[in-house]
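Colleague: Could you walk me through this model, one question at a time? I would like to see how you reach each answer.

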Amino acid sequence: MRFTGLAKLAVTAVMAGATALAAPAAAQAAIPVSGGTPVLVNGVAGCTLTAAGYDAAGTPVAFTAAHCSDRINAPVILRGDPGAGVIGTVATRNEILDYSVIRLNPGVVVPVRQPGVTGRGPAPEFGDVVCKDGMSTGHTCGITWQRDGAEFWSHACAGYGDSGGPVTRDGRLVGLLSGGHMPPAAGSVGSIGALLPSCLHPVQSPVFLPALAYSFDAIVADATDRNWPGRGFRMA
């Protein structure tokens, strides 16, 4: 049987359509994650990423607070896009410096640099103004009250869900937000720490519990000394 020109055109169009249906769907582009990205650890703990990048082995990793999880291999998903699936798992955690390292899934997310962050810097000293970014209270700034080794306390407003968020000074990442805590130098004034509220909103009141953070340089040094995931971390 011979096909007329019109019939040949129709057959060609049908075959082309069948080929298109049979072709695999294009892979979804990896979602960018950075410092300030809100996540859910183990599906329930809302926290914030400190930074994302690569460790000395070239593995894509991110940091957040250790108290966001209570076990290794806890899955992590994006709070704003849970349908994207598991973006990574907790690879290690240190409760003393309150940090955990998340081994990222490169098929789902890609590390990027947090906008406005130019690099890393040392922990701030008394009087330095620092800023933090978090899931609950967003971008807030405040004066540093005290530094004690790797720990420092500031009056940057922070609340539940901000844990793990990046603390910056002059555009450089200097710390990982841990929680509300009166600094040791507060002395007897520290006794009112339990009575002060956490800052739930930056305009609620000028009186709230200071925010405790840990030096990010100290955190990376600790992971490196222990030869843990996250060692030799470099920001994306």
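**Strands, a helix and two spaces**

Modeller: Gladly! Pro38 stands opposite Thr48 in E3, and please keep in mind that the model is predicted.

Colleague: Good place to start. Which residue takes a positive phi in the hairpin of E2 and E3?

Modeller: E2 covers residues 38-41 and E3 covers residues 45-48, and the two pair in the antiparallel sense over four bridges. Three residues sit between the strands of this hairpin, and the one with a positive phi, near 60°, is Asn42.

Colleague: Now the sheet as a whole. Which are the edge strands?

Modeller: Strands of a sheet pair through backbone hydrogen bonds, either parallel or antiparallel. Here eight strands form an open sheet with antiparallel pairing, in the order E3-E2-E6-E7-E8-E5-E4-E17. Two strands pair on one side only, and these edge strands are E3 and E17.

Colleague: Thanks! In E8, what is the bridge partner of Thr92?

Modeller: Strand E7 spans residues 86-94, which takes in Thr92, and six bridges join E7 to the antiparallel strand E8 (residues 99-104). The partner of Thr92 in E8 is Val101.

Colleague: And E4: which residue stands opposite Met235 in E17?

Modeller: E4 (residues 51-54) pairs with E5 (residues 60-64) in the antiparallel sense over four bridges, and Tyr54 stands opposite Pro60 in E5. E4 also pairs with E17 (residues 234-235), again antiparallel, over two bridges. In that second pairing, the residue opposite Met235 is Gly53.

Colleague: What is the phi of Gly58 in the turn between E4 and E5?

Modeller: E4 and E5 form a hairpin with five residues between them. Gly58 lies in the turn, and its phi is positive, at about 85°.

Colleague: On to helix H2. Why do its buried residues line one face of the helix?

Modeller: H2 runs over residues 216-225, and its buried residues are Phe216, Ile219, Val220, Asp222 and Ala223. They line one face because, seen down the axis of H2, they fall within an arc of 160°.

Colleague: What about the two ends of H2? Which residue has a side-chain oxygen that reaches the backbone nitrogen of Asp217?

Modeller: Just after H2, Asn227 takes a positive phi of about 60°. At the start of H2, a side-chain oxygen comes to within 3.4 Å of the backbone nitrogen of Asp217, and this oxygen belongs to Ser215.

Colleague: Is Thr140 buried or exposed?

Modeller: Thr140 has its place in strand E12 (residues 138-148). A polar atom of the Thr140 side chain lies 2.6 Å from the backbone oxygen of Cys157. The relative accessible area of Thr140 is 7% and the cut-off is under 20%, so Thr140 is buried.

Colleague: Let's turn to empty space. What is the volume of the largest cavity?

Modeller: Rolling a probe the size of a water molecule over the atoms shows where empty space is left. The search of the whole structure gives one cavity of 30 Å³ or more. The lining of the largest cavity includes Gly35, Arg113 and Met235, and divides into seven nonpolar, three polar and one charged residue. The space in this cavity is about 60 Å³.

Colleague: Last one: which strand gives the largest share of the lining of the largest pocket?

Modeller: This pocket has a volume of about 230 Å³. Its lining has 18 residues, with Gly159, Tyr160, Gly179, Gly180 and Ser198 nearest the centre, and divides into eight nonpolar, nine polar and one charged. The largest share, four residues, comes from strand E15.

How values were computed. Residues numbered from 1 in each chain as written. Predicted model: local features only at pLDDT ≥ 70, side-chain atom pairs only at ≥ 80, totals over all residues. Heavy atoms only, no water. 1 Å grid on protein atoms, 1.4 Å probe; cavity = no way out; pocket = protein on both sides within 12 Å on 5 of 7 lines; lining within 4 Å. Points joined across faces, edges and corners; volume = space filled by probe spheres on them. Nonpolar A, V, L, I, M, F, W, Y, C, P; charged D, E, K, R; others polar. Buried < 20%, exposed > 50% of the residue type's maximum accessible area, 1.4 Å probe, protein only. Arc of directions from axis to C-beta. Polar contact = N/O pair within 3.5 Å; in protein donor to acceptor, adjacent residues only side chain to side chain. Pairing = 2+ DSSP bridges.
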